[in-house]
Amino acid sequence: AVVSTQRTGSFKLFNSPLHELICAMVRVKAPALRGKTKEELLKQLEEMKTELSNLQVQKVTGGATNKLSMIKDVRKSIARCRTVLRANQRENLRKFYKNKKYMPLDLRPKKTRAIRRALPANESSLRTLRQRKVDTHFSQRVYAIKA
């Protein structure tokens, strides 16, 4: 339902809610998405997916070139939305596993394989009883050399 139209140059701007929704959906900024809830993000993702499928149908049927150029923007917006969803999910998982004994592998710090395999600092400094006895009975001798 078109409420009113305005003439600006060679373009016709429609003030319908659907047209505003499509224009708002085309380029979505990540900071704007971060403030939304999971349900809002999923709803927006579905809307963008339907918009993308409509644009792809228009591409096959020979749609307007300005519509076809929107395909890239909609795809990028879908990717941004998914990225924000995944970041929120990982953040919540990190909070959940914060004080647990074990953590999923993908949430652990990456570092390097050697660092991950190395003993913790408190364990690497420990010595066995036998090693302590050897260290006390056969300590390193100190010599002073005359120059």
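1. A charge is taken to sit over an aromatic ring if NZ of Lys or CZ of Arg is within 6 Å of the ring centre and within 35 degrees of the ring normal. In this predicted model, Lys100 meets that description, lying over the face of Phe96 at 4.6 Å from the ring centre.

2. Phe96 also takes part in ring pairing, for which the count in this structure comes to one aromatic pair. The rings of Phe96 and Tyr97 have their centres 5.0 Å apart and their planes at 85 degrees, and because planes over 60 degrees apart count as edge-to-face, the pair is described in that way. Tyr97 itself is partly exposed, its relative accessible area being 23%. Phe96 is thus named both in the ring pair with Tyr97 and in the placement of Lys100 over a ring face.

3. On the confidence of the prediction, the mean pLDDT of the protein is 84, and 82% of its residues reach 70 or more. The stretch to treat with reserve is residues 1-16, over which pLDDT stays under 50 and for which the model has 17 contacts beyond four places in sequence. Where pLDDT is low, the predicted coordinates should not be read in detail.

4. As to the overall arrangement, the protein has eight helices and two strands, and along the sequence the pattern reads β-β-α-α-α-α-α-α-α-α. Of the 147 residues, 16% count as buried. Among the contacts in the protein with a separation of 6 or more, 44% are accounted for by residues 24 or more positions apart.

5. Helix H3 covers residues 38-61, which makes 24 residues, and reaches 35 Å from its first C-alpha to its last, close to the 34 Å expected at 1.5 Å a residue. Its buried residues are Leu41, Gln44, Leu45, Met48, Glu51, Leu52 and Leu55. In reading such a list it helps to recall that an α-helix has 3.6 residues a turn, so residues three or four places apart point the same way. After H3 comes Gly62, whose phi is positive, near 85 degrees.

6. Helix H5, residues 70-96, has 27 residues and reaches 39 Å from its first C-alpha to its last, close to the 39 Å expected at 1.5 Å a residue. The residues of H5 that are buried are Met70, Ile71, Asp73, Val74, Ser77, Ile78, Cys81, Val84 and Leu85. One of them, Asp73, returns in the next point as a partner in a salt bridge.

7. The structure holds five salt bridges, and one of these joins Asp73 to Arg27, with the closest N and O atoms 3.4 Å apart. Asp73 lies in helix H5 and Arg27 in the loop between helix H1 (17-26) and helix H2 (30-34), so the pair ties together parts that are 46 residues apart in sequence. The two partners differ in their surroundings: Asp73 counts as buried, at 17% relative accessibility, whereas Arg27 counts as exposed, at 57%.

8. A further salt bridge is formed by Asp106 with Arg86, the closest N and O atoms being 3.6 Å apart. This pair likewise links distant parts of the chain, with Asp106 in the loop between H5 and helix H6 (113-117) and Arg86 in helix H5, 20 residues apart. Asp106 is partly exposed, with a relative accessible area of 44%, and Arg86 also counts as partly exposed, at 37% relative accessibility.

9. Within helix H5, the side chains of Lys95 and Glu91 meet in a salt bridge at 3.7 Å, N to O, and both residues lie in that helix four residues apart, about one turn. Lys95 counts as exposed, at 56% relative accessibility, while Glu91 counts as partly exposed, at 42%. Elsewhere, salt bridges that share partners join Arg86, Arg90 and Asp106 into one network.

10. One backbone angle deserves a remark. Most residues other than glycine have a negative phi, yet phi of Lys111 is near 50 degrees, a positive value in a residue other than glycine. Lys111 lies in the loop between H5 and H6, the loop that also holds Asp106, and Lys111 counts as exposed, at 56% relative accessibility.

Note on methods:
Residues are numbered from 1 along each chain as its sequence is written. This is a predicted model: local features need pLDDT of at least 70, side-chain atom pairs count only at pLDDT 80 or more; totals for chains, interfaces and linings use all residues. Side-chain values use heavy atoms; hydrogens and water are left out. The expected span of a helix is 1.5 Å times one less than its number of residues. Buried means under 20% relative accessible area, exposed over 50%, partly exposed in between (1.4 Å probe, protein chains only). pLDDT is the predictor's confidence in each residue, from 0 to 100. Contact means heavy atoms within 4.5 Å. Rings of Phe, Tyr and Trp (its six-membered ring) pair if their centres lie within 6.5 Å; planes under 30 degrees apart count as stacked, over 60 as edge-to-face and the rest as tilted. A salt bridge is a side-chain nitrogen of Lys or Arg within 4 Å of a carboxyl oxygen of Asp or Glu.
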